[in-house]
Amino acid sequence: MRVTINGTPAELAAGLTVLEAVDKVGIRLPALCHDPRVKPSGNCRLCLVEIVGHEQPVASCHTGLSEGMQIRTHTPELEAGRKAILELLARRYPADALRRWPDNPFHQWLRHYGLGGGTPERTAAIDDSHPYIQVDMMRCIYCDRCVRICAELQGQFVWSMRNRGEETAIVADAGVPLGQSSCVSCGACADTCPTGALADRQVIDGKPATSWVRTVCPYCGTGCEMSAGAADGRLTAIKPVMDVPVSRGHLCVKGRYAFDFVHARDRVTQPRLRKDGQWTTVSWDQAMNYTAAALLRIRERYGPDAIGVLGSARATNEENYLAQKFARVVLGTNNVDCCARVCHAPSAAAMGGVLGTGAATNSYDDIEAARTILVFGANPTENHPILGARIKQAALNGARLIVADPRRIELADYSNIHLPVCPGTNVALLNAMACTIVEEGLFDAEFISARASDWEQFRTFIREWPPERMAGHCGVAAGLIREAARLYATAKPSMIIHGLGVTEQAQGTEGVICLVNLALLTGNFGKPGTGVNPLRGQNNVQGSAHMGCEPEHLPGYADISTSRERFEQAWGAPLPATRGKNLLEMMDAAERGELRALWAIGYDVLLTNPNTAATLRALSNLELVIVQDMFWNETANQFGTVFLPAASSFEKDGTFMNAERRVQRVRKVIEPVGGSHPDWEIVCALARAMGHERGFSFQSPEQIWNEVRSVWNAGAGISYARLDEQGLQWPCPSEASPGTTILHVDQFSCGPRAALRRIPWKPTAETTSPDFPILLVTGRTLYQFNAGTMTMRTPNVFWRPQDTLDLVRDDADRYGVREGERVRVLSRYGQTELPVRITEGLPRGQAFATFHSAGTAVNAVTGPSRDPQTCTPEYKVTAIRIEKLPA
């Protein structure tokens, strides 16, 4: 568009507001009520501009740019008006705040107009009840940005404006202290506040950052980008990055605030060896020489398949690539795996087997494009909070939402339909939905004819699974199943988002196949707002498996049986011929005495594996346990032989791969703490100590990544230079490729058609009985993360200091237990003790427990049942009983 701004012609893109347009040409206006992440309000009147043809000045923040517009931004009248408004705002503003925090936007504008604060004395108390956010309402100018961003970005509606005139106040909930409110601590309100009325306590109490580096969050698989600040070699603050496709200027409580683990006092920063039962601090050379000699001795005595290597979902793509290359080239074994085994291996196996690619079919941006979203076995607002907020906003803006989960999770309150499926019956429910679609003629006949196979066989098979037959098994009324199926099939485009509630079951792989069946039946593939999309649990669990940390796959998820020759040529070394073992098979082999050594990188096997008693037996048979981590974990404590201190993701360069197949740059913010080293340096050093400098002489993560690109055709176009601009989604086969946001547009990766699979429901062997009458589901919570290695060393313990056993009031009364009372939890496999938390949203006869603390060891009660195709454990179904502890 051709416009004139202050007499100067300008050509600008269509679709901008006047405020955005003047900003593009370098003119700043004091738009104190404006934040690009929320809808403009114009209530501060500070961004008023004059437009030729308009009788009165207009608010530039919500006035659209039009062709030929003539704009004046700084006339004497406009400037006088701005100064008058700022004088009114400053009249009751504390003068000391201007001196202490001169860089706040409001303070900058006051100085610009020659103004200062007017109140020398404090007339209102500061609210310090929240661990991360300080509330000082003496500094509030009632711009209501906090109210709007809490509602429109996070969807939490904590802040509200009350009263009018001199009595105006912005309050949390009903006027309670922020630390006692429904705030989920995302920090968006503090981030948007222009005055510091809401401010990060880490910034107030700590030293201001002197440098800022853009990187990626180290927590869940969403892959939010962040700007990390540092001073004097310490991480001091984190802010969201605004113009990025994943997080869109937003972070959750973990990403924004839970970084204190980096400088925790108990962080291990020097290598250690256990000799004669005692741990001794040693040099890196000593640690490498000892470890290399031990591995060579075990390989010579028992063979290479007596050794196993576990990559890490917390390590970078480059580091996982080296870990699996080390296993295959240096050790000579395919015994390599990662924690994808215990979470989304069924998603990769199911989607790879049916569609040809075992990864998300679509992108996060399809959340806003979908008319219907089916969230199955996932709790995004707690476990993937930024995506959860986007799903919530989609529902608030009119998208239909179906939630299938045993608990009434937060998203169920925003849903059109909640399906409280009984643990272990996902396939029964999904088959009943598919049956409804077929019976009622709601399928997409054109899509099936063009792109599906085995339709007639499937149609005959699925009629055997009507909702009326399955309702009693899955605990969902037949009418509700039919209603959900109709909504998914007719209000298209429809998008499926699923989590560990699908995969961590005995029919995990088959459950994901049933989700794929629904999408195939309704033509919900290859278009915006559609597809089947797993929410990956850790920051790089997608990448760790994709880089080859799986026994049957090489980097790029290449099948080892068909890609062996290509990789042997690339690596200049033969690959092992024997079938490798996955993590659970390694534990079985160790228990039999066949596995003798294990290298666990960023993985607390003892704490996180199911059926702790079996894991204890397995680990006790090992001669060598190498633990590579930031902190002393349970595996190291009980069984470690060598401890190698690793750097955090804030202390190294590399890349992560998120749940939408997006590769993003991880950048070093500070130097490694103490004597810790990045994982890639440790792997290369150990390879050299074992006589394999060739193939492990890398000088930087970029060199490693370039080797990855050379062997992974779908990632060949993803260079560091391109990633420095923005993350890219594979397939991206060349540097001319923009990447791929939606898979399977014209045909599936496996070919023109994908088969509708006939999957019968098989009841789980883990059932309740008079001795074990309650069904336990385990999972994560908002304020803690997995084994608690990082979050348990942050102020997040304010909200979640320990794991809990969640019960509904009826069950608590039945057992005679009170809120906070510790009880004994027993299963067929073991026992533990947990405090009770009485909650709503659970069906009677079911319980929920988190697993973040070594002190409670919840996996002592989970059992040996596994998905037969992937060995993924059945964490989501355990029969238990509860006993009161003696007084």
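# Briefing: barrel, cores, salt bridges and backbone outliers

Asn-786 is buried, with a relative accessible area of 15%. Its phi is near 45 degrees, a positive value in a residue other than glycine. Asn-786 sits in the loop between β32 (774–779) and β33. The model is predicted. A barrel, two nonpolar cores, salt bridges and one enclosed helix are covered below, followed by backbone geometry.

**Barrel**

- The barrel is closed by 6 strands, in the order β32-β36-β33-β35-β34-β37.
- Pairing in this barrel is mixed.
- Neighbouring strands of the sheet are turned against each other by 45 degrees on average, direction ignored.
- Strands β33 (residues 805–807) and β35 (residues 831–838) run parallel and are joined by 3 bridges.
- Leu-807 stands opposite Ile-838 in β35.

**Nonpolar cores**

- In soluble globular proteins, nonpolar side chains tend to be buried together.
- The largest nonpolar core here has 92 residues.
- Leu-295, Leu-322, Phe-326, Trp-599, Leu-644 and Phe-696 touch the most other members of that core.
- Helix α10 (residues 317–331) supplies the largest share of this core, with 8 residues.
- A second, separate core holds 57 residues, including Val-354, Val-427, Trp-465 and Leu-756.
- Which residues does Trp-599 touch, not counting those up to four places away in sequence? They are Gly-308, Val-309, Leu-310, Phe-326, Ile-626, Gln-628, Leu-644, Val-683 and Leu-686.
- Phe-326 and Leu-644 thus appear among the contacts of Trp-599, and both are also listed with the residues that touch the most other core members.

**Salt bridges**

- The whole structure contains 53 salt bridges.
- Asp-444 and Lys-492 meet through their side chains at 3.4 Å, N to O.
- That pair links distant parts of the chain, 48 residues apart. Asp-444 is in the loop between α15 (426–439) and α16 (445–451), and Lys-492 is in the loop between α19 (478–490) and β21 (494–498).
- Lys-492 counts as partly exposed, at 28% relative accessibility.
- Asp-724 and Arg-667 form a salt bridge at 3.2 Å, N to O.
- Asp-724 lies in the loop between α30 (720–723) and β30 (728–729), and Arg-667 in the loop between β29 (662–666) and α28 (679–689), so this pair ties together parts that are 57 residues apart in sequence.
- Buried or exposed: which describes Arg-667? Arg-667 is buried, with a relative accessible area of 15%.
- Its partner Asp-724 is partly exposed, at 43%.
- Asp-810 and Arg-844 meet in a salt bridge at 3.9 Å, N to O.
- Here the partners are 34 residues apart. Asp-810 is in helix α31 (residues 809–815), while Arg-844 is in the loop between β35 and β36 (846–850).
- Arg-844 is exposed, with a relative accessible area of 58%, whereas Asp-810 is partly exposed, at 41%.
- Salt bridges that share partners join Asp-35, Arg-37, Arg-145, Asp-191, Asp-200 and Arg-256 into one network.

**Helix α5**

- Why is helix α5 (residues 145–154) called largely enclosed? Because 9 of its 10 residues are buried, the rest of the structure largely encloses it.
- The buried residues are Arg-145, Cys-146, Val-147, Arg-148, Ile-149, Cys-150, Ala-151, Leu-153 and Gln-154.
- Arg-145 is one of these buried residues and is also a member of the salt-bridge network.
- The cover over the buried residues of α5 includes β7 (159–162), β8 (169–172), α6 (188–192), β9 (198–200) and α14 (385–396).
- Gly-155, just after α5, takes a positive phi of about 75 degrees.

**Backbone geometry**

- Most residues other than glycine have a negative phi, and most peptide bonds are trans.
- Lys-492 and Pro-493 are joined by a cis peptide bond, with omega about 5 degrees.
- Pro-493 lies in the loop between α19 and β21, and Lys-492 also takes part in the salt bridge with Asp-444.
- Trp-730 to Pro-731 is a cis peptide bond too, with omega near 0 degrees.
- Pro-731 lies in the loop between β30 and β31 (754–755).
- Asp-276 has a phi near 55 degrees, a positive value in a residue other than glycine.
- Asp-276 is in the loop between β13 (272–275) and β14 (278–281).
- At 82% relative accessibility, Asp-276 counts as exposed, whereas Asn-786 is buried.

How values were computed:
Residues are numbered from 1 along each chain as its sequence is written. This is a predicted model: local features need pLDDT of at least 70, side-chain atom pairs count only at pLDDT 80 or more; totals for chains, interfaces and linings use all residues. Side-chain values use heavy atoms; hydrogens and water are left out. Two strands pair if DSSP finds at least two bridges between them. Helices (H or I, at least four residues) and strands (E, at least two) are DSSP runs, numbered from the N terminus. Axes are lines fitted to C-alpha atoms, for helices over the stretch in contact, and angles run from 0 to 180 degrees between N-to-C directions. A nonpolar core is a set of buried Ala, Val, Leu, Ile, Met, Phe, Trp, Tyr and Cys residues joined through side-chain atoms within 4.5 Å. Buried means under 20% relative accessible area, exposed over 50%, partly exposed in between (1.4 Å probe, protein chains only). Contact means heavy atoms within 4.5 Å. A salt bridge is a side-chain nitrogen of Lys or Arg within 4 Å of a carboxyl oxygen of Asp or Glu.
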